[in-house]
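User: I am new to this structure and would like a close look at a single part of it, with enough of the surroundings to place that part. Please take me through it in one connected answer.

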Amino acid sequence: MGVFLGAALVAAVVMLFILQPVVKGLHASLDREEDELTETEARKRVALLALRDVEYDYLAGKLDDEDYQALKAELTAEALAALDADEKARTREEGGAAGPADLEAEIARARALLEGGPECVACGYRNQEGSRFCSACGTPLMAQPTN
Ligand SMILES: [Zn+2]
């Protein structure tokens, strides 16, 4: 139980770490143009906040493992779909002018984090799940030691 609780707490901290900049960014864009919240931004925001709520509910004991896993998978898929849609919408709006490379990198990073892929031992870049080589530096990604 202690180990399980510890793992859950680690997962929650990781989720907070992941969501913090995303949620902050959403707040910033909401403050700027609250009345112009796009459909994709709304979807993304709802999915990410729901994902956070699921973590809280799980930690609070309101969800059992099965519900938690199912909800998390569902919301993660929705958040990723919304991220993709948002990315496309922004690219269209801005004509790909305002730092699209940075934005793409940001979204790729957020997506990789949400998907929980392996982190490169050489450069620390978090790759997409199932990657065999680091997308940033090409280092082969070893399977996690299981000891
Ligand atoms: Zn690397």
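Analyst: A nonpolar surface patch of about 350 Å² is formed by Leu5, Leu9, Tyr56 and Leu59, in what is a predicted model. Two helices share in this patch, since helix H1 (2-32) and helix H2 (39-59) each contribute at least two of its residues. Leu5 can serve as an example: this leucine sits in helix H1, and its relative accessibility of 43% places Leu5 among the partly exposed residues, because that class lies between the 20% limit for buried and the 50% limit for exposed.

To place the patch, it helps to step back to the chain. The protein chain holds four helices and zero strands, so that its elements, read from the N terminus, follow the order α-α-α-α. Its accessible surface amounts to about 9,500 Å², and carbon and sulfur atoms account for 56% of that area. Of the 147 residues in the chain, 28% are buried. When contacts between residues at least 6 apart in sequence are considered, 41% of them join residues at least 24 apart.

Helix H2, which supplies part of the patch, also takes part in charged pairs. The whole structure contains four salt bridges, and one of them joins Glu78 to Arg43, with 3.1 Å between the closest N and O atoms. This pair connects distant parts of the chain, for Glu78 belongs to helix H3 (residues 65-94) and Arg43 to helix H2, 35 residues apart. Both partners are partly exposed, Glu78 at 30% relative accessibility and Arg43 with a relative accessible area of 29%. Another salt bridge is made by Lys72 and Glu55, whose closest N and O atoms are 3.7 Å apart. Because Lys72 lies in helix H3 and Glu55 in helix H2, this pair ties together parts that are 17 residues apart in sequence. Here the two partners fall into separate classes: Lys72 is partly exposed, with a relative accessible area of 24%, whereas Glu55, with a relative accessible area of 3%, is buried.

Elsewhere in the chain there is a metal site. The zinc ion has as its protein donors the SG atoms of Cys120, Cys123, Cys134 and Cys137, which lie 2.3 Å from it. Along the chain these donors are spaced as C-x2-C-x10-C-x2-C. The arrangement around the zinc ion is tetrahedral because the four donor atoms subtend angles of 106 to 117°. For comparison, the ideal angle for four tetrahedral donors is 109.5 degrees.

Cys120 is found in the segment after helix H4 (100-115). Although Cys120 and Cys134 are 14 residues apart in sequence, their C-alpha atoms are 6.0 Å apart in space. Leaving aside residues up to four places away in sequence, Cys120 touches Tyr125, Asn127, Cys134, Cys137, Thr139 and Leu141. A relative accessibility of 3% makes Cys120 a buried residue, while Cys123, with a relative accessible area of 42%, is partly exposed.

A further salt bridge pairs Arg126 with Glu119, the closest N and O atoms being 2.9 Å apart. Arg126, at 27% relative accessibility, is partly exposed, and Glu119 is likewise partly exposed at 41%.

Conventions. Residues numbered from 1 in each chain as written. Predicted model: local features only at pLDDT ≥ 70, side-chain atom pairs only at ≥ 80, totals over all residues. Heavy atoms only, no water. Donors = N, O, S within 2.8 Å, 3.2 Å for Na, K, Ca; no water. Tetrahedral: all angles 85-135°; square planar, octahedral: opposite > 155°, others 65-115°. Buried < 20%, exposed > 50% of the residue type's maximum accessible area, 1.4 Å probe, protein only. Contact = heavy atoms within 4.5 Å. Areas by Shrake-Rupley, 256 points an atom, 1.4 Å probe, with all protein chains shown as cover. Patch = residues over 30% accessible without salt bridge, like charges linked within 9 Å, V, L, I, M, F, W, Y side chains within 5 Å. Salt bridge = Lys/Arg side-chain N within 4 Å of Asp/Glu carboxyl O.
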